[in-house]
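Reader: I'm in my first year and still learning to look at protein models. Could you pick one part of this one and walk me through it slowly, starting with any term I need?

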Amino acid sequence: MVEKKIHIDPVTRIEGHAKVAILLNEDDVVKEALFKVVDFRGFEKFTEGRPFYEMPAITSRSCGICPVAHLIASAKACDQIVGINPPKTAVLLRRLMHMGQIIQSHALNFFHLSSPDLLLGFDSEPAKRNIFGLIEKEPELALRGIKLRKFGQEIIEKVAGKKIHSSKWVQPGGAKWPLTQEHADYLRGYLPEALEATQKTLDMWKQMLDGLQEEVENFGNFQTYHMGLVTTNGQLDFYDGKIRIIGPMGKVVDECVDFTKYGDYIGEAVEPWSYMKFPYYKPVGYPNGAYRVGPLARLNVADSCGTPLADEELKWFKQLGKNGVVQSTFHYHTARLIEILSCIETTSQLLEHPDIHSKHVTSKVLINNFEGIGVAEAPRGTLIHHYKVNEQGMITWNNMVIATEHSNIAYNMAVTQVAKKYVKARELQEGMLNRVEAVVRAFDPCLSCATHAIGQMPLEIQLIDASGTLLDRKIR
Amino acid sequence: MSRRIDQNTVKLRINGIQLEVPEGITILKAAETNGVEIPTLCELQGLTPYGGCRLCVVEISGTTKLFPACTTPAASGMEITTHSPKLFEYRKLVLQTLLAERTHICAVCVANEHCELQAQANNHGVDHVMYERNWSCEEVDSTHDFLVIDRNRCILCTRCIRVCDQIEGAHTLDLKLRGKNTNVIMDQDQKWGDAKSCTSCRKCAKVCPVGAIYIEGEMIELTKDRDIAAFLTKRRNRQK
């Protein structure tokens with residue numbers, strides 16, 4: 001019998017291109033849903049033969065939303081190749097730029113991409129279910145979002161010269177120029193407004209959650225492993241530390257201190273229907289080793305945020321789940337707001353650091369190692385850049401494990417759960433399908449980043465006639 | 001006691017203006033000394049003209065042929081047009097063929113915002129290339145201690161070759177092969193790190209108009225020096 005499918009193509013208000021295929025059984029009941037990523041980029045292949053110091057500039061071009069995360073992970077991999085710990089101030093400034101990245105990216109997802117669903121309603125008129133509709137109905141909230149995003153972008157610009165693709169500033173072994181007093185003062189001036197905007201939004205969100213319990217229960221609410229960077233004493237960290245993995249019940253199952261061994265913890269599976277890899281927790285295997293990364297996972301794995309206001313919120317957040325582990329994908333939104341708060345506080349701390357204005361940000365570098373691994377927390381989760389170079393510093397091999405990829409198994413679990421709950425094929429309405437899209441938005445995937453590989457993806461092509469009969473099938 | 005040397009001159013018109021210039025100078029020089037700017041890429045003051053890029057082409061009345069201003073001597077009676085819609089289109093075409101020939105990705109290039117090809121493309125409104133790009137895949141040679149050549153960005157202007165030969169006197173650099181296979185080589189097509197004649201003087205990186213030759217780890221705006229050849233020529237002539 002012909003398999004019936006409903007396609008959501010494209011999934012809207014996400015970064016990159018994807019579609020969801022909802023498979024129905026003979027009674028038109030949802031059997032399964034597949035999150036298909038249809039982008040194709042090829043960064044791992046075409047960087048071969050390029051000088052290693054070009055890698056931050058090239059790899060960060062995979063994304064216009066989170067280029068800083070790539071700059072950081074790439075620069076750290078290059079730091080290893082040159083065998084140098086960057087000067088203290090360079091690290092502080094890289095961290096500061098990274099705070100700007102997290103703030104702007106999280107603000108983009110919450111206010112621009114997800115809020116239209118959350119505030120205007122999943123079933124509201126599609127033509128108005130966007131940032132413009134939000135500006136019309138909730139102008140104050142929309143303005144808050146726009147200003148928060150601007151603040152994040154301003155941090156990046158003041159530190160590194162440009163809001164997007166500021167790759168000139170980052171270099172192996174440090175950074176190109178220090179932070180001026182004038183730029184630091186400018187950013188300090190922004191802090192109170194940014195903090196107030198975040199706190200107001202968080203308060204509003206807490207009140208709204210009471211009315212969103214059905215979504216909390218049904219939007220990707222399942223047990224998986226969680227992964228994220230923490231400092232040596234278990235604090236939330238976006239730049240460095242150790243990769244902590246917790247089990248579905250909240251117990252720490254592994255900690256990867258030596259990033260060169262990330263391959264012992266993370267396996268990468270592929271499926272013929274998607275260009276995005278399916279990483280899994282290796283000791284458990286595929287697909288049971290499904291894990292999530294990003295804001296929800298980071299707050300689940302962290303013992304504290306390291307800043308007073310965010311720590312208060314973290315205590316409250318941990319109570320939302322069992323054993324301190326929040327499993328509902330819907331709470332990515334909650335975690336995102338708490339992380340913005342933490343980043344604003346950290347920005348303030350960094351700007352007051354006594355070494356922040358030191359002129360010593362650059363190291364003189366040579367190639368000392370032929371392999372480098374850089375790990376950082378991108379807005380969407382743990383990002384790994386792994387390069388091998390020859391004696392002249394030319395890239396001979398590149399593996400990038402992208403934040404969005406880690407949760408790929410969970411994406412598919414989540415779209416299936418939501419589709420089963422809401423999609424009634426015999427009385428199909430647009431709002432039902434929007435809920436499937438909305439759970440994808442909760443993860444905040446960045447698919448332009450996640451589809452960087454080439455040459456290893458099995459590819460399946462199906463030839464289907466007008467009646468839906470499968471005529472031919474080719475697999476590479 | 002000062003000595004006056006009588007110099008023969010020629011009379012010509014550039015863009016309708018009657019001029020008298022020394023005999024033997026090029027149209028480009030005649031235009032420049034009279035305040036008319038003609039776009040160039042391969043030309044560099046202090047080096048012998050090459051006439052390779054064809055960006056400086058001008059119209060001379062009486063013929064439909066276009067002439068490179070950098071290598072064509074100014075002659076008596078010439079009526080020269082340096083800027084016209086026809087020339088503008090022709091220069092756009094030249095820039096597009098240069099961009100299409102190799103792999104020019106400004107966004108990740110060391111010379112981004114400090115590149116003469118990029119600047120000329122911007123000046124001429126070249127916002128796309130209408131030819132199919134070659135997407136060259138030339139090897140990047142970084143075997144030298146600090147100098148790097150990325151031949152994918154080379155426009156074969158030969159400034160590096162001329163400065164190495166005429167100013168430094170080493171003649172480490174030269175060209176091999178022809179047409180689209182032409183490439184800058186070191187000594188007998190050796191890796192740069194093995195090229196014994198190279199004095200590591202950096203002049204090639206200073207005069208490269210694009211990001212093909214650069215100093216690893218140095219901001220390109222600090223490396224580039226368009227006046228280096230003219231400056232050294234002047235100094236050395238003074239010493240003689």
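Author: Happy to! The term to begin with is "contact": two residues are in contact if their C-beta atoms, placed from the backbone, lie within 7 Å. Keep in mind as we go that this is a predicted model. In chain A, take the contacts with a separation of 6 or more: residues 24 or more positions apart account for 70% of them. For chain B, among contacts between residues at least 6 apart in sequence, 63% join residues at least 24 apart.

Let me set the scene with chain A before we turn to chain B for the close look. Chain A contains 16 helices and 16 strands. Its C-alpha atoms fill a box of roughly 70 × 50 × 40 Å along the principal axes, and 53% of its 476 residues count as buried. A compact globule of 476 residues would have a radius of gyration near 23 Å, and the 22 Å of chain A agrees with that.

Chain B has seven helices and ten strands. The box filled by its C-alpha atoms is roughly 55 × 55 × 30 Å, again along the principal axes. Of its 240 residues, 37% are buried. Its radius of gyration is 19 Å, which agrees with the value near 18 Å for a compact globule of 240 residues. Where the two chains meet, 13 residues of chain A are in contact with eight residues of chain B. On the chain A side, these divide into five nonpolar, four polar and four charged residues.

Now for the close look. The domain assignment splits chain B into domain 1 (9-83) and domain 2 (88-239). Their centres, taken over C-alpha atoms, are separated by 24 Å. Contacts link the two: 15 residues of domain 1 of chain B touch 23 residues of domain 2 of chain B. The domain 1 side of that meeting place has ten nonpolar residues, four polar ones and one charged one.

Start at strand S1 (residues 9-14) of chain B. S1(B) runs antiparallel to strand S2 (residues 17-22) of chain B, and six bridges join them. The two form a hairpin with two residues between the strands, and there Asn15(B) takes a positive phi near 50 degrees. S1(B) also pairs with strand S5 (residues 79-81) of chain B, this time in the parallel sense and over two bridges. Arg13(B) is a handy residue to find on your screen: its bridge partner in S2(B) is Gln18(B), while in S5(B) its partner is Glu79(B).

Next, move along to a second sheet. Three strands of chain B form an open sheet in the order S6-S7-S10, with antiparallel pairing. Strands S6 (140-141) and S10 (213-215) of chain B are its edges, each pairing on one side only. Strand S7 (residues 147-150) of chain B pairs with S10(B) over three bridges in the antiparallel sense. Within that pairing, Ile149(B) has Ile213(B) as its bridge partner in S10(B).

From there, go to helix H4 (residues 159-168) of chain B. H4(B) is mostly covered, with seven of its ten residues buried. Among those buried residues are Cys160(B), Ile161(B), Val163(B), Cys164(B) and Ile167(B), and Arg159(B) and Arg162(B) are buried too. An α-helix has 3.6 residues a turn, so residues three or four places apart point the same way. Just after H4(B) comes Gly169(B), with a positive phi of about 80 degrees.

Cys160(B) now leads us to the nonpolar core. In soluble globular proteins, nonpolar side chains tend to be buried together. The largest nonpolar core here has 201 residues, and Val415(A), Val436(A) and Cys160(B) touch the most other members. Its largest share, twelve residues, comes from helix H4 (residues 88-120) of chain A. Both domain 1 (9-83) and domain 2 (88-239) of chain B give residues to this core, so it lies between them.

To finish, have a look around Val436(A). If you leave aside its neighbours within four places in sequence, Val436(A) is in contact with Ile8(A), Val20(A), Ala33(A), Val415(A), Val418(A), Ala419(A) and Val423(A). Val415(A) in that list is another of the core residues that touch the most other members.

Conventions
Residues numbered from 1 in each chain as written. Chains lettered and ligands numbered in written order. Helix = DSSP H or I, 4+ residues; strand = E, 2+ residues; numbered from the N terminus. Rg over C-alpha atoms; globule rule 2.2 N^0.38 Å. Buried ≥ 20, exposed ≤ 12 C-beta atoms within 10 Å, placed from the backbone. Nonpolar A, V, L, I, M, F, W, Y, C, P; charged D, E, K, R; others polar. Pairing = 2+ DSSP bridges. Domains from an automatic or database assignment. Core = buried A, V, L, I, M, F, W, Y, C linked by C-beta atoms within 7 Å.
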